[in-house]
Amino acid sequence: MEFSDIFRYRRKKLNKIVSARRNRNSDEIIECKKCHGKFKKATLQRNYYVCPDCNDYFRMTPTERIRMIADEKSFKEHLRGLQSVNPIDFPDYEEKLEDAKKTSNREEAVLTGIMKINHITCGVGVLDANYMMGSMGTVVGERITAITEFCERQNLPLIIFSASGGARMQEGMFSLMQMAKTTAAIEKFQRNGGLYISCYTNPTTGGVSASFAALGDILIAEPDALICFAGPRVIEQTIGEKLPEGFQHSEFLLKSGILDMVVTRHEMREVLTRLLQLHGYEEKHYERNSY
């Protein structure tokens, strides 16, 4: 058997293994926490991880979210390999980071890069609630800042999907400093004419909601997303009163004038396309050498 035949045989065998794994994952059964309906993962994937019975929203990974809105194979990751350290020697933090990597299958709590939406090039950041609840440490702050600065240099719009429990206590003040760092980068980007669309997902709380997530030129939220600094339970315990129904959720905030729109996952790609077009963005090729 010649080398080329061996190569084709091994590639064919590898493709069969990968295909078998994908089929097993597609057959995985997932239960809806709200209505307790049970669905194949493939069914939920086709429905953007929205329950077919009660329309409750399942948590999405950054990869799944980008696949939902971006043109096929258009996403290019930014700052791959940048990972957290333990700047204040917080006990067991390294172990928590390793557990978070295994749970989320990601190296950090945010994925950033460049993608195209209906041929319009833009920067994107997606926080991952599966990685330490999307908490903002130094790497999250650096990646958000870096993609913002890149979009400013290339005159590209920026879209960020937030999902977070706030700042990461294991990094102390280093984590809190990311609020000011990302805020300054976003403000400079906007002052120089950049368009920033901020998309809230469930939940977006704490330092993220109080910094870059709140600074969008356009503020969008998914249905029934919890958006706040302190959660309703903390507020109720503090003021000793019961809060209104749906307080701090998307629809309540929309009526209060805090949000510009609430958009379903099925509509998100089309809505983002229209917003980009309305602001004059068209098909654009970024310079690879500067990326």
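## A strand under cover

A residue counts as buried when its relative accessible area is under 20%. Keep that cut-off in mind as you look at this predicted model. Strand β6 covers residues 158-164, and 7 of its 7 residues are buried.

Let's take the two sides of the strand in turn. On one side sit Leu 158, Ile 160, Ser 162 and Ser 164, and on the other Ile 159, Phe 161 and Ala 163; both faces are covered.

## Neighbours of β6

Which strands does β6 pair with? One of them is β5 (residues 120-127), which runs parallel to β6 and is joined to it by 4 bridges. If you want a spot to find on screen, look for Gly 125, which stands opposite Ile 160 of β6. To get from β5 to β6, the chain passes through helix α5 (residues 138-154), and this β-α-β crossover is right-handed.

Another partner is β7 (residues 196-204), also parallel to β6, with 6 bridges between them. Here Ser 162 has Tyr 200 of β7 as its bridge partner. The chain goes from β6 to β7 by way of helix α6 (residues 172-191), in a β-α-β crossover that is right-handed.

## A pair of rings

Now for the aromatic rings: the count comes to 1 aromatic pair. The ring centres of Phe 247 and Phe 252 are 5.3 Å apart and their planes meet at 70°, so this pair is edge-to-face; the cut-off for that label is over 60 degrees.

Are these two residues buried, exposed or partly exposed? Phe 247 has 24% relative accessibility, so it counts as partly exposed. Phe 252, at 27%, is partly exposed too.

Definitions and conventions: Residues are numbered from 1 along each chain as its sequence is written. This is a predicted model: local features need pLDDT of at least 70, side-chain atom pairs count only at pLDDT 80 or more; totals for chains, interfaces and linings use all residues. Side-chain values use heavy atoms; hydrogens and water are left out. Buried means under 20% relative accessible area, exposed over 50%, partly exposed in between (1.4 Å probe, protein chains only). Two strands pair if DSSP finds at least two bridges between them. A crossover is right-handed if, with the strands pointing away from the viewer, the path from the first strand over the helix to the second runs clockwise. Rings of Phe, Tyr and Trp (its six-membered ring) pair if their centres lie within 6.5 Å; planes under 30 degrees apart count as stacked, over 60 as edge-to-face and the rest as tilted.
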